[in-house]
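User: I have a few "why do you call it that" questions about this model. Can you take me through the reasoning as we go?

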Amino acid sequence: MEQLFRDDAYCRSCEATVVGADETGIRLDRTVFYPMGGGQPGDTGVLRRADGDEIRIQDTRKGAAHDDVVHVPDAGAALPKVGERVTAEIDWERRYRLMRMHSCLHVLCAAVTGDVTGGQVGDGKGRLDFNLPDTRLDKDAITATLNRIIAEDHAVAPRWITDDELAANPQLVRTMSVKPPSGSGRVRLLEIEGVDLQPCGGTHVRRTGEIGPVRVTKIENKGRQNRRINIAFAD
Ligand SMILES: [Zn+2]
């Protein structure tokens, strides 16, 4: 399975060949669909058949093998045949919002001091949990810091390092709940130039300016040490 979204998050569609189709989902030889993982939801979209018919994809999941991507069709959808050629096309507007919010949460990591224990990218909103005893976090101050870094328009790009380099630099692992995949020999890092660097397999915008204005909507105390910071797009 060739995962086109790894190298080009802006790739909206691709031609592909069906290599498997059963009640669990449809597998292609290559895809632009991101499978749920790292706090980012799976893509939705369509597989367009040669006759123009569309198979609606309601979710995308990882399969058993590490590079396996399973396109989950709507219940009762007609399944394509193995060997059939299709055009795989994601719901770009939704994916782009997810990319903007995912990049925004990485900026949030840099704006707040503390270990991240969990997080979720949502459509138009997102949140991160921090291991922090401080209950006086200021919503407006964090909002201002986020929007300043976003407006500075830093470059955002993936960078690969070896497992050994990561083991030698454990401070790169900011998220304690999401351990970076290792064992394949190399790890994908996401770098926001001058702002943040951490392992991430998700899809991101090219520059922080694309995120647009955001605001901290709520800071919740989820236990003595756990602060949950909720973010939403301001527009
Ligand atoms: Zn990430």
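Analyst: Sure. Let's begin with a cut-off: a residue counts as buried under 20% relative accessible area, and as exposed over 50%, with partly exposed in between. Keep in mind that this is a predicted model.

User: Then why is D196 called buried?

Analyst: D196 has a relative accessible area of 6%, and the cut-off for buried is under 20%, so D196 is buried.

User: Where does D196 sit, and what does its side chain touch?

Analyst: D196 is in strand β13, residues 196-199. Its side chain makes a polar contact with the side chain of Q198, at 2.8 Å. The limit for such a pair of N or O atoms is 3.5 Å, and 2.8 Å falls within it.

User: What makes β12 and β13 a pair?

Analyst: At least two bridges are needed, and β12 (residues 186-192) and β13 have 4, in the antiparallel sense. One of the positions is I192, whose bridge partner in β13 is D196. The hairpin has 3 residues between the strands, and G194 takes a positive phi near 75° there.

User: Which other residue has a positive phi, and is it buried or partly exposed?

Analyst: D153, with phi near 60°, although D153 is not a glycine. D153 is found in the loop between α3 and β11 (156-162). Its relative accessible area is 29%, between the 20% and 50% cut-offs, so D153 is partly exposed.

User: How many aromatic pairs are there, and why is F5 with Y34 called edge-to-face?

Analyst: A search of the whole structure finds 4 aromatic pairs. For F5 and Y34, the centres are 5.5 Å apart and the planes are at 80°. Centres must lie within 6.5 Å, and planes over 60 degrees apart count as edge-to-face, so both values fit the label. F5 is in helix α1 (residues 4-7) and Y34 in the loop between β4 (30-31) and β5 (45-49), 29 residues apart. Both F5 and Y34 are buried.

User: What makes Y10 and Y96 tilted instead?

Analyst: Their planes are 55° apart, with 6.4 Å centre to centre. Stacked is under 30 degrees and edge-to-face is over 60, with the rest tilted, so 55° gives a tilted pair. Y10 lies in the loop between α1 and β2 (13-22) and Y96 in helix α2 (residues 92-111), so the pair ties together parts that are 86 residues apart in sequence. Ring pairs also link Y10, W92 and Y96 into a cluster.

User: Why do Y10 and Y96 get separate burial labels?

Analyst: Y10 has a relative accessible area of 17%, so Y10 is buried. Y96 has 23%, so Y96 is partly exposed. The cut-off of 20% lies between those two values.

User: How do you know that a charge sits over the ring of Y10?

Analyst: The charged end of R206 is 3.7 Å from the ring centre of Y10, and the distance limit is 6 Å. Likewise, R186 lies over the face of W160, at 3.8 Å from the ring centre.

User: And what makes β10 and β15 partners?

Analyst: They run antiparallel and are joined by 7 bridges, where at least two are needed. D129 stands opposite R228 in β15. Both strands belong to an open sheet in the order β9-β10-β15-β14, with antiparallel pairing.

User: Why are β9 and β14 called edge strands?

Analyst: β9 (115-121) and β14 (214-221) each pair on one side only.

Methods:
Residues are numbered from 1 along each chain as its sequence is written. This is a predicted model: local features need pLDDT of at least 70, side-chain atom pairs count only at pLDDT 80 or more; totals for chains, interfaces and linings use all residues. Side-chain values use heavy atoms; hydrogens and water are left out. Helices (H or I, at least four residues) and strands (E, at least two) are DSSP runs, numbered from the N terminus. Rings of Phe, Tyr and Trp (its six-membered ring) pair if their centres lie within 6.5 Å; planes under 30 degrees apart count as stacked, over 60 as edge-to-face and the rest as tilted. Buried means under 20% relative accessible area, exposed over 50%, partly exposed in between (1.4 Å probe, protein chains only). A charge sits over a ring if NZ of Lys or CZ of Arg is within 6 Å of the ring centre and within 35 degrees of the ring normal. A polar contact is a pair of N or O atoms within 3.5 Å; within protein, one must be able to donate a hydrogen and the other to accept it, and residues adjacent in sequence count only if both atoms are side-chain atoms.
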